[in-house]
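Reader: I've got a model open and I'd like to learn how to read it feature by feature. Can you walk me through it?

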Amino acid sequence: MGKRVGLEVTVAVAEAVALCRIDMAGGYPITPQSHIAEHLSNLVADGVLDAEFVTVESEHSAMSAVIGASATGARSYTATASQGLLLMNELLPIASAMRLPICMAIANRAVSGPLNILNDHSDIMPQRDTGWITLFAENGQEAVDLSIQAFKIAEHKDVMLPVCVNIDGFQLTHMVEPVEMPTQEEVDKFLPPFAPHATLHPAKPVTMGAFAMSDYFAEIMKAKDEAIKNSKKVILEVWDEWGKMFGRNYKAVESYRAQDAEILMLTMGSMGETAQVAIDELRDKGIKAGLVKLRLWRPFPFEEIRAALKNAKKLIVTDRACSFGGPGGPVFSEIKSALYAGDHHPAIYNFIYGLGGRDVPVQDFTGMFEKVIADTDNKAKDTYEFWGVRE
Amino acid sequence: MAKVIFQRPKYLKENVFHYCPGCGHSIAHRLIAEVIEEMGIRGITIGVPPAGCAVLAYNYFDLDMIEAQHGRGPALATGLKRTLPDRFVFSYQGDGDLAAIGIAESFHAANRGENITVFFINNAVYGMTGGQMAPTTILEQRTTTTPAGRHKTLDGYPVKVCELLSQLPGVAYAQRCTLTSPAQVNKTKKAIRKAFQCQKDALGFSIVEILSPCPTNWKMSPIDACKWIDEVMSKEFPLDVFKDITPAAQKNTEAV
């Protein structure tokens, strides 16, 4: 059983990644990720972690370098945020097309402009269609656990896809939280050494990243889609195994006081914990409010979402990013899409909030509920609202 | 009546610098503002701040300023200068910005001989993100990503930007200076003036590299930081003129 310790979340994540015995890490400094790279460099310099740590000249090169390392069969890791993630964008679909099980932390931060260093989800949302398995942590413990689980999911022979773990910048990354760090023995037991499907090796030459025109391109795209859809089974198995080993259970969609709730709110990432307090306050007032938290963004858990929302009369979907000129927040449009195929269609509301690190206290969540309760017109709406924004 | 002999440059706003005590940015800002005032080019100058500690440079320069993404200053400045060729355009960049993530932009703007000026603040670390290894970190220097010191095999060698860019025919002027003494500050000011003059005379790309103290990330007092530049950093990055095709300089060369 691991020790419960107080650690800054970035440091805890780096410690967790080191427990996974990575072979290679590439990094470029960017707030609020930098402490992960710094702490990994400490662990390598101290001889605690036997890995290559490379400080490259940009995030573009960081991702290229881990692609190269992963292609040789090395367990490879990087971390970034915001502009750095956007700079990596060109390489992300290549990593997934080459079926390289790279793992990456994203210390979510608003994308420029205007330049901002604080938290929202505008960095990860444009990466939605790059073929990466995408997980969201709600607190420090989840950031640690998901970072370890990520390698097991990515490297599973039925998956072989890159995985990113989203950790809200500052709100999570820079908090000192109590976390239970697994021991090296436990992680070794949980995570076997990486056995790659194919590697670049002179004894058995292969070509990776070959050219494909109209004759094969579509088949490769379909193969990637099938792979990420099929990965859900493995993700659930890995979470099941984790729960049995460590007593902390993970689900694609989690519910809080949602059983008999008439109005549900849906969050993704660190805001869930604040929203939970708001639910308690509303329940104390006799309002049947509940919370649904989305942990797995890709592959999207359609069935689990429909099951979690099946009793709601009204649904509030919250988003930390906007699809400008589109259907509202990206989470909102996904949820609407999931519900369309089902039989149950609650009145659905979308609030875009907490952009660029704007603080969202408990009363903002209760305020969203109050606004939705006051709306007696329960028809489906095509609108969304920027919450708490000055006009 | 008292005679005013020293005051804030006209084109530095009345804002308090956010820079750490002993940082070189505020001196470099001041020198650029003084030169702009003396050359009378305030209304026709556009500045391009970087990502890094100087990201807020627009809070200090009372000029048109347009923010560049990390490393992209010279490319953005290219667009400004090509469409407004009668303006003075300068990009203000740090070492990570210019010599790592933006080396391609710097190299190719210089190679095209873009008639712009780059002020390159070299403090041998990524300052704003907390003192990580930069391309100009010197060998054995300890940073937050090279806790045992920069190692040539693992981390490569310090990038010498002036030496590198001065090889390109598009570069008109490349000088490295520092800010560690009043004499050095005066030299730096002259270099800044010369760089703007190159632009005025349409000679091509000009760069002034300024070795600048970062006491916070070097974990030194401001005085020790200046000493470290004089005794260690300037040995790795010699203070020199690496290229100068201005007519005066050419005449001097011919005379020798």
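Reader: Let's start with strands. In which sense do strand β13 (residues 314–319) of chain A and strand β14 (residues 347–352) of chain A pair, and over how many bridges?

Author: Before anything else, keep in mind that this is a predicted model. As for your pair, β13 and β14 of chain A run in the parallel sense, with 6 bridges linking them. If you want a spot to click on, go to A:Asp319, which stands opposite A:Ile352 in β14(A).

Reader: What sheet do 6 strands of chain A form, and in which order?

Author: They make an open sheet, and the order across it is β9-β11-β10-β13-β14-β15 in chain A, with mixed pairing. To read an open sheet, look for the ends of that order. Here β9 (253–256) and β15 (385–386) of chain A stand at the edges; each has a single partner strand, so one side of each lacks a neighbour in the sheet.

Reader: And the side chains on a strand? How do I read those?

Author: The general idea is that in a regular strand the side chains alternate between the two faces of the sheet. Now try strand β3 (residues 52–55) of chain A: A:Phe53 and A:Thr55 point to one face and are buried, whereas A:Glu52 and A:Val54 point to the other face and are not buried.

Reader: Which strand pairs with β3(A), and in what sense?

Author: That would be strand β2 (residues 24–27) of chain A, in the parallel sense over 4 bridges. One of the buried residues we just met turns up again here: A:Thr55 is the bridge partner of A:Gly27.

Reader: Switching to charges. How many salt bridges does a search of the whole structure find?

Author: Over all chains, the search finds 33. A handy way to read any one of them is to ask how far apart the partners sit in sequence and whether they are buried. Take A:Arg295 and A:Glu142, whose closest N and O atoms are 2.7 Å apart in their salt bridge. A:Arg295 is in the loop between β11 (289–294) and β12 (296–298) of chain A, while A:Glu142 is in helix α6 (residues 140–155) of chain A, so to speak a link between distant parts of the chain, 153 residues apart. With buried meaning under 20% relative accessible area, A:Arg295 qualifies at 4%, and A:Glu142 does at 9%.

Reader: Which residue does A:Arg298 form a salt bridge with?

Author: A:Glu334, with the closest N and O atoms at 2.4 Å. A:Arg298 lies in strand β12 of chain A and A:Glu334 in helix α11 (residues 330–340) of chain A, so this pair ties together parts 36 residues apart in sequence. Both A:Arg298 and A:Glu334 are buried.

Reader: What about a salt bridge within one helix? How far apart in sequence are B:Glu34 and B:Arg30?

Author: They are 4 residues apart in helix α1 (residues 25–39) of chain B, which means about one helical turn separates them. Their closest N and O atoms are 2.8 Å apart. B:Glu34 counts as buried at 14% relative accessibility, and B:Arg30 does too at 19%. Follow the shared partners and you get one network of salt bridges joining B:Arg30, B:Glu34, B:Glu38, B:Lys189 and B:Arg193.

Reader: Now a single residue. Is B:Thr178 buried or exposed?

Author: Buried, at a relative accessible area of 0%. B:Thr178 is found in strand β7 (residues 171–178) of chain B. For a buried polar side chain, check where its polar atom points: here, one lies 2.8 Å from the backbone oxygen of B:Leu211. Beyond its sequence neighbours up to four places away, B:Thr178 touches residues including B:Gln184, B:Ile210 and B:Leu239.

Reader: Last one, the interface. How much area do chain B and chain A bury between them?

Author: About 1400 Å², 59% of it on carbon and sulfur atoms. In chain B, the residues that lose the most area to chain A are B:Ile101, B:Thr129 and B:Thr145, together 29% of what that side buries. The contact involves 18 residues from chain B and 19 residues from chain A. For the polar side of the story, there are 0 salt bridges across this interface, but 7 residue pairs are in polar contact.

Terms used
Residues numbered from 1 in each chain as written. Chains lettered and ligands numbered in written order. Predicted model: local features only at pLDDT ≥ 70, side-chain atom pairs only at ≥ 80, totals over all residues. Heavy atoms only, no water. Contact = heavy atoms within 4.5 Å. Buried area = accessible area lost by both parts, 1.4 Å probe. Salt bridge = Lys/Arg side-chain N within 4 Å of Asp/Glu carboxyl O. Polar contact = N/O pair within 3.5 Å; in protein donor to acceptor, adjacent residues only side chain to side chain. Buried < 20%, exposed > 50% of the residue type's maximum accessible area, 1.4 Å probe, protein only. Helix = DSSP H or I, 4+ residues; strand = E, 2+ residues; numbered from the N terminus. Pairing = 2+ DSSP bridges.
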